[in-house]
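Visitor: I'd like to learn how to read a structure like this one. Can you walk me through it?

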Amino acid sequence: RHLTRQAGEPLDDVLCGEVDKGGYGAILLGRNPREAWRERFLYKQRGKVVGLFSLNPRWSRVIVPVDLSLATLLVMRIMAHNPLRNPSFTLDFVHVLQGKDTEALKRWEDMRKILGWDERHTLRFLPSQRPVGEVLLREIHEGRYGTVVMGKRGISRIKRMLLGSVSAAVLHGLTDQSLVLID
């Protein structure tokens, strides 16, 4: 469905109103770094899949950073519907290790069992020598990924400003990659 409307400022608030009226569960926008409202819009959405898409030619090379929380289970469930079934996608699940790898691996195995995933779906650990956002950005750029799919915890704007947000750090460090946030 295509909808055209004359919109006033701020555009992120106008779009939020349209999303609420239409009851959409997934919203996909073109990426434009010169229009900050698009990034603000990402963090105003709760309980939705929101994506900023770019023209990166490596769109099918996908990195899925997971923190092994309940949000990870939701991300994995959504990924099972399309990308995992499509052979043109290459998906790499990664976790920035902040504790023992045995505990993290056990949680990953439990999540795989819940979803009925086999051993093909593996988790790669990244060492945590820097802040998580920095570690992920380095991996995204060095691994030449075109798309990033990650969950967001839905923390408030104030908490995001005070504590930082991994998804916000990744968003601001991307160059031409697409980003899909799942809340």
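**Strands and rings**

Visitor: In β5, which residue is the bridge partner of H95?

Guide: First, the ground rules: this is a predicted model, where local features need pLDDT of at least 70, side-chain atom pairs count only at pLDDT 80 or more, and totals for chains, interfaces and linings use all residues. Residues are numbered from 1 along each chain as its sequence is written, and side-chain values use heavy atoms, leaving out hydrogens and water. Helices (H or I, at least four residues) and strands (E, at least two) are DSSP runs, numbered from the N terminus, and two strands pair if DSSP finds at least two bridges between them. Here, F125 in β5 is the partner of H95. Strand β4 (residues 90-97) and strand β5 (residues 123-127) share five bridges in the parallel sense.

Visitor: And which strand pairs with β4 over five bridges, besides β5?

Guide: That's β3 (residues 61-65), also parallel; P65 stands opposite V94 of β4.

Visitor: How many aromatic pairs are there?

Guide: Rings of Phe, Tyr and Trp (its six-membered ring) pair if their centres lie within 6.5 Å; planes under 30 degrees apart are stacked, over 60 edge-to-face, the rest tilted. The whole structure has four such pairs. One of them, W59 with F89, is edge-to-face, with 5.5 Å between centres and 80 degrees between planes. W59 lies in the loop between β2 and β3, F89 in the loop between α3 and β4, 30 residues apart.

Visitor: What links F93, W108 and W117?

Guide: They form one aromatic cluster.
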